[in-house]
Amino acid sequence: MRLSVPGPRSLAGQLFAMQAVLIAVVVAGYALFSYVSDRSQAEEAATRQARAVARSVADSPSVLAATRTADPSAELQPYALKVMRDTEVDFITIMDPRGIRWTHPDPRQIGQTFQGHTDKALRGQTFTETYTGTLGPSVRAVTPIQDGPRVVGLVSAGIRVDEITQRVQGQLTALLGVAAGALVLGAVGTYVINARLRRHTHGMNAAELSRMHDYHQAALHAVREGLLMLDGQYRVALINDGGRELLGVAGDVVGRSVAELGLPAPLTGALLASEPRVDEVHLTASRVLVINTSPVSGGERRGTVVTLRDVTELQSLMGELDSERGFTQALRSQAHEAANRLHTVVSLIELGRAEEAVEFATAELELAQALTDQVVAAVSEPVLAALLLGKTAQANERGVELMVSEDSSLDDGLLPETLPARDLVTILGNLIDNAVDAAQGSVGARVTVAAYTQGSDDAPELVLRVSDTGPGVDPEHAEAVFQRGFSTKPAGPGGRGLGLALVRQTSQRHGGSLTVAEADGGGAEFEVRLPLRESGTAAEDVTSQVTAARGAGGDA
């Protein structure tokens with residue numbers, strides 16, 4: 001035979017059992033208390049009833065008159081039986097001072113000696129006692145019949161203990177019925193409440209809920225992605241460590257509104273939106289975040305679950321990848337042009353025009369070398385020089401001339417370690433791409449780039465300026481162009497409106513600034529200023545290099 005071991009009861013089941021036992025204990029305790037109390041009250045009532053009946057009989061003139069006759073039983077026995085029936089007592093015994101009975105419910109006991117105490121009654125006192133007589137245990141009262149000061153007889157009236165118990169049992173039966181009804185009603189109410197609780201706890205017991213809570217806390221702190229939960233009033237109900245780090249919030253933010261967290265306006269608007277958001281890109285002061293929001297509803301809006309992913313490095317890598325693709329396209333185009341030039345040289349040689357072939361090849365080589373020399377002479381920092389050469393080729397492919405201004409001067413090794421080359425590529429690459437887009441198709445399409453250092457010895461700064469011959473920036477949009485998603489061009493496959501926002505974010509992360517103004521001769525001019533500050537010896541090295549650059553005539 002297979003025995004099944006029951007598993008742990010659910011929390012709802014345990015609560016139901018506990019409440020049912022509690023109700024049963026309370027009802028049983030009340031029933032016991034009521035039984036004891038009612039029995040005591042019943043005994044007191046029986047004692048008062050027996051005393052009142054005994055005194056009434058003893059004070060009756062007919063009883064006193066009957067005691068003076070030769071046969072008191074003849075008159076007193078019918079009278080005692082009638083009074084017993086009228087007063088609902090179990091016995092009334094009238095006797096002479098010696099205790100010889102004149103009346104008794106059992107006629108055979110008449111003439112016998114009364115069983116009980118009579119001393120106090122013979123002294124003229126009325127008293128009560130519980131005594132076992134011929135009818136069993138009873139609560140009785142004994143009082144004297146007085147003819148003036150003389151005691152001429154005694155009267156005892158009593159109620160059997162069994163009769164008192166039956167009275168209490170009748171009351172107890174009614175009480176138990178009410179208690180049973182209360183227990184059933186309480187059990188039904190408890191079952192209904194706990195059935196609802198079971199639905200909310202999914203039938204899990206306390207240990208399972210505790211374990212789920214531990215898993216929940218461990219998962220929240222383990223995941224690197226940010227998790228933010230908002231209640232129906234858009235207040236923070238829960239936020240994990242990753243969410244605090246990605247949003248840049250500190251302290252106790254639970255219970256605070258999203259609008260009070262100091263987040264960028266577009267990000268705050270996305271969190272406050274009632275509709276779900278899927279893979280939206282948003283910028284904070286130092287990060288590029290992808291957010292997803294999903295409302296929590298159960299017949300009514302209960303809140304919002306927000307997930308946050310950091311794609312700052314991914315976005316930078318995508319920018320570098322775009323640059324690499326541009327370089328590849330430029331190299332492919334240059335390879336195509338080089339092949340055309342090579343075919344031209346070969347054809348000239350085959351035609352016996354060797355001198356013209358040498359002249360043509362030399363001119364092309366000098367032109368390419370002049371472009372390289374121009375860029376390297378102005379900007380010898382290798383990453384920026386390579387970026388400018390590649391962007392120059394890209395711009396030429398699109399019919400835009402990219403020039404490095406004469407006042408550009410940026411030596412190799414001048415930039416501190418706190419200003420990585422990747423961030424410079426992000427800043428300058430996005431500015432040039434936007435400028436080429438703006439200048440393309442204009443008359444004399446041209447983009448001019450300037451890169452130099454200036455400022456005092458204590459506070460040197462790097463200046464990157466990019467201007468174009470495009471339509472320029474409407475003054476009304478001078479601030480909006482730096483917001484994510486803003487663009488005056490139709491959206492492409494990858495979307496638009498992120499480049500300038502990334503430039504501003506990167507600039508602000510390094511304590512710099514980004515401004516836009518109207519360029520000389522029309523178009524737009526974007527200028528980035530980045531402080532070149534480091535602590536200790538590194539700062540001194542940067543300052544000395546800036547000073548040396550100025551001595552060489554590099555300052556603008």
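These are my notebook entries on what I looked up in this structure.

**Entry 1: the whole chain**

I noted at the start that this is a predicted model. I then looked up the totals. The protein chain has 556 residues, and 38% of them count as buried. I found 14 helices and 14 strands in the protein chain. The accessible surface comes to about 30,500 Å². Carbon and sulfur atoms hold 55% of that surface. I also looked up contacts in the chain with a separation of 6 or more. Of these, 56% are between residues 24 or more positions apart.

**Entry 2: helix H3**

I turned to helix H3, residues 72–87. Does its length agree with its residue count? With 16 residues at 1.5 Å a residue, H3 should span 22 Å. Its end C-alpha atoms are 22 Å apart, so the two agree.

Next I asked which residues of H3 are buried. I listed Pro72, Ser73, Leu76, Gln77, Ala80, Val83 and Met84. Down the axis of H3, the buried residues fall within an arc of 140°, so they line one face of the helix. The spacing has a general reason: an α-helix has 3.6 residues a turn, so residues three or four places apart point the same way. On the other side of H3, I found Arg85 and Asp86 exposed. I also checked what comes just after H3. There, Glu88 takes a positive phi of about 60°.

**Entry 3: helix H8**

I looked for buried residues in helix H8, residues 265–272. Leu267, Thr268, Ala270 and Leu271 are buried there. They cover an arc of only 160° around the axis, which puts them on the same side of H8.

**Entry 4: an open sheet**

I followed an open sheet of 4 strands. Its order is S1-S4-S3-S2, and the pairing is antiparallel. Which strands are at the edges? They are S1 (91–95) and S2 (127–133), each of which pairs on one side only. From one strand to the next, the twist averages 30°.

I looked closer at S2 and its partner S3, residues 136–147. These two run antiparallel and are joined by 7 bridges. For one residue pair, I noted that Phe127 has Val142 in S3 as its bridge partner.

**Entry 5: strand S11 and its partners**

I moved on to strand S11, residues 446–455. How many of its 10 residues are buried? I counted 7, and S11 is mostly covered.

I then took its pairings in turn. With S10 (residues 401–404), S11 pairs in the parallel sense over 4 bridges. Here Glu401 stands opposite Arg446 in S11. With S12 (residues 460–468), S11 runs antiparallel, and 9 bridges join the two. Here Gly455 stands opposite Pro460 in S12.

**Entry 6: Val346**

My last stop was Val346. I located this residue in helix H9, residues 312–350. How exposed is Val346? Its relative accessible area is 37%, so Val346 is partly exposed. That class lies between the cut-offs of under 20% for buried and over 50% for exposed. I also looked up its distance to Ala357, 11 residues apart from Val346 along the chain. The C-alpha atoms of Val346 and Ala357 are separated by 7.6 Å.

Definitions and conventions: Residues numbered from 1 in each chain as written. Predicted model: local features only at pLDDT ≥ 70, side-chain atom pairs only at ≥ 80, totals over all residues. Heavy atoms only, no water. Buried < 20%, exposed > 50% of the residue type's maximum accessible area, 1.4 Å probe, protein only. Arc of directions from axis to C-beta. Pairing = 2+ DSSP bridges. Axes fitted to C-alpha atoms, helices over the stretch in contact; angles between N-to-C directions. Expected span 1.5 Å × (residues − 1). Contact = heavy atoms within 4.5 Å. Areas by Shrake-Rupley, 256 points an atom, 1.4 Å probe, with all protein chains shown as cover.
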